[in-house]
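This report describes selected helices, aromatic pairs, cysteines and backbone features of one protein model. The sequence and the structure are shown first.

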Amino acid sequence: MQATTTSTTNPTNSGRPPPLTMKNFQPGYMATLGAGVCLFVSGGMSFGQSLGWFFVYFNSPFTLHLFYSWFIAVAIGAVLSVLLGYVLPKKFIMAVSAILILVGGITRVSVPTNYSVLIVARYFNGIGLGMATVQYLMYASELSRNTRRGFSLGLEQFCISLGLALQMIMTSQWSLSSSFSQNSLQGIFDIILAAVSMGCLWYFIESPVDYVRLGDDAAALDCLSKLQDTPAITMQTNQRLEELKDYVREENSLSSSEVVLRSLVPLLKMLAFRSMIMSLSYSPVITNALTYTMFVLDVSWTPILAGSLRIFGSGISMAIVDIAGRKLPAIAWALAIGGLIVPIAVILDYFYSIYDSHRMFKVAAFWIAIHVADGLYAPVTSVYLGEAFPLHSKGICIALCVVVEQIIQIVIFVTHPKDEVVIMASGIIILVAAAVFLITMPETKKTSLREAQAGFRKFFNFKMF
């Protein structure tokens, strides 16, 4: 039976994205994104632990493995996600991710002060988060309209920032005399978030691109209609279907060597833009810098302010990413991150600075500002990561970027470099990278996936808007 096409007014025809209100999102669309969003909040809390925001009982032995175990697990999860993607639909992979995080949460609550058991819980959480990250970035880029794709993809890092902020605030304010473990509270959060994620999966909508690849245009059209403001098959629905069919047809016509060649330049760009800058902009040594200031200044409010401003920054970034664009805002924020990190290294390079409250107050101020800039920058990395790669290599390339990001964090942990050296090197690398991005990164606002990927394949991109 041929689907009836109805004509409706499309608010995006004016060239401006519609305002981000609840009326703009159908329940199926929100639930599909919500399945990943909940898991990322949980992952953000574990990420915070890995960076040093861990409530440690000094009478219990622990090793550095407790901290970097989660990074290893995320890398494992990313690889597993690619492998499972060949045999399982995205819905089932997201369900497995939620179950792993649920099991990790139950483990935390059951044995909150046994660090050997907590390592196991962190492996469950990390593997689940790694699997969810790859799948979410793949399907969010395919589900979303061109005018909303930035918002949908940016949710990944926004929720990571939210979870990180919660962990920072909880850990810094937790009382040593409390009989209730902070690890237990985090486990409760994990259980609730995983349960909500599994509930969202009931309304999960598979990617229409997957159905187009299978030749089932009717199912793809049905998915697209459920993702619209008005759940009906309209002229815009059919236009969107034709756009996706052209996209899939072009991708299917590529040979394996062509796919590899089309992936190389985008991969190099994203390894720097996402993996390198995200791991260097906030690592354990940055946390150590704040730890010094908290002891010297005898204050505990700095993590509250930093975490709150990080959430605010991520929210602002998501609100403007489909309006102001990706390229220039991200470069400005990367320059801000590098410019704020270098002064911290300069201050800490002088040993007696840690005994100078005036200098430590400057470090605290720079550290808080870094969280704002990092919060602004992080969502754009998710947007670019979902847009950069060809269809047939997207999962592998996203997973590789995620794996490299974790490897950099692990290397910093296990090599025990001097804090001020790592901080100075991080700041300089980020500043140089931001300057390079100015002429290499494309502006992908309001473009189709085909157009965005064409921009990434060009090594030089001088268009600024």
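Helices (H or I, at least four residues) and strands (E, at least two) are DSSP runs, numbered from the N terminus. The model is predicted, so local features need pLDDT of at least 70 and side-chain atom pairs count only at pLDDT 80 or more, while totals for chains, interfaces and linings use all residues. Residues are numbered from 1 along each chain as its sequence is written, and side-chain values use heavy atoms, with hydrogens and water left out.

**Helix H11 and the residue after it**

Asp-298 is found in the loop between H11 and helix H12 (302-320). Although Asp-298 is not a glycine, its phi is positive, at about 55°. Asp-298 directly follows H11. With a relative accessibility of 68%, Asp-298 counts as exposed; here buried means under 20% relative accessible area, exposed over 50%, and partly exposed in between (1.4 Å probe, protein chains only).

H11 itself comprises 14 residues (residues 284-297), and its end C-alpha atoms are 20 Å apart, in agreement with the 20 Å that it should span at 1.5 Å a residue. The expected span of a helix is 1.5 Å times one less than its number of residues. The buried residues of H11 are Pro-284, Val-285, Ile-286, Thr-287, Ala-289, Leu-290, Thr-293 and Met-294.

Met-294, which lies in helix H11, is buried with a relative accessible area of 18%. Not counting residues up to four places away in sequence, Met-294 touches Trp-53, Ser-172, Val-299, Ser-300, Thr-302 and Pro-303, where contact means heavy atoms within 4.5 Å. Met-294 and Asp-246 are 48 residues apart in sequence, and their C-alpha atoms are 56 Å apart in space.

A second positive phi, of about 60°, occurs at Lys-446, which is not a glycine either. Lys-446 is placed in the loop between helix H16 (419-440) and H17, and at 34% relative accessibility it counts as partly exposed.

**Aromatic pairs**

A pair of aromatic rings is described by the distance of the centres and the angle of the planes. Rings of Phe, Tyr and Trp (its six-membered ring) pair if their centres lie within 6.5 Å; planes under 30 degrees apart count as stacked, over 60 as edge-to-face and the rest as tilted. A search of the whole structure finds 20 aromatic pairs. Two of these pairs are listed below.

| Pair | Centre to centre | Angle between planes | Class |
|---|---|---|---|
| Trp-53 and Trp-367 | 6.3 Å | 50° | tilted |
| Phe-273 and Tyr-377 | 5.1 Å | 40° | tilted |

The pair of Trp-53 and Trp-367 links distant parts of the chain, 314 residues apart: Trp-53 is in the loop between helix H1 (27-50) and helix H2 (65-85), and Trp-367 is in helix H14 (residues 357-387). Trp-53 counts as buried at 6% relative accessibility, and Trp-367 counts as buried at 0%.

The pair of Phe-273 and Tyr-377 likewise joins distant parts of the chain, 104 residues apart, with Phe-273 in helix H10 (residues 256-281) and Tyr-377 in helix H14. Both Phe-273 and Tyr-377 are buried.

Elsewhere, ring pairs link Phe-47, Phe-54, Phe-67, Tyr-68, Trp-70, Phe-71, Tyr-115 and Phe-413 into a cluster.

**Contacts of H14**

H14 and helix H17 (residues 449-457) pack at an angle of about 100°, with their axes 9 Å apart. Axes are lines fitted to C-alpha atoms, for helices over the stretch in contact, and angles run from 0 to 180 degrees between N-to-C directions. H14 is therefore roughly perpendicular to H17; angles under 35 degrees count as roughly parallel, over 145 as roughly antiparallel, 65 to 115 as roughly perpendicular and the rest as oblique. The contact is made by Tyr-384, Gly-386 and Glu-387 of H14 and by Leu-449, Ala-452, Gln-453 and Phe-456 of H17.

Gln-157 is placed in helix H5 (residues 149-173) and counts as buried at 5% relative accessibility. Leaving aside neighbours within four places in sequence, Gln-157 is in contact with Arg-274, Met-278, Ala-378, Pro-379, Thr-381 and Ser-382.

**Cysteines**

The structure holds zero disulfides, a disulfide being a pair of cysteine sulfur atoms within 2.5 Å. Cys-159 is in no disulfide, and the nearest cysteine sulfur, that of Cys-38, is 7.8 Å away. Cys-159 counts as buried at 2% relative accessibility. The sulfur of Cys-401 is 6.9 Å from the closest cysteine sulfur, in Cys-397, which is too far for a bond. Cys-401 is buried, with a relative accessible area of 0%.
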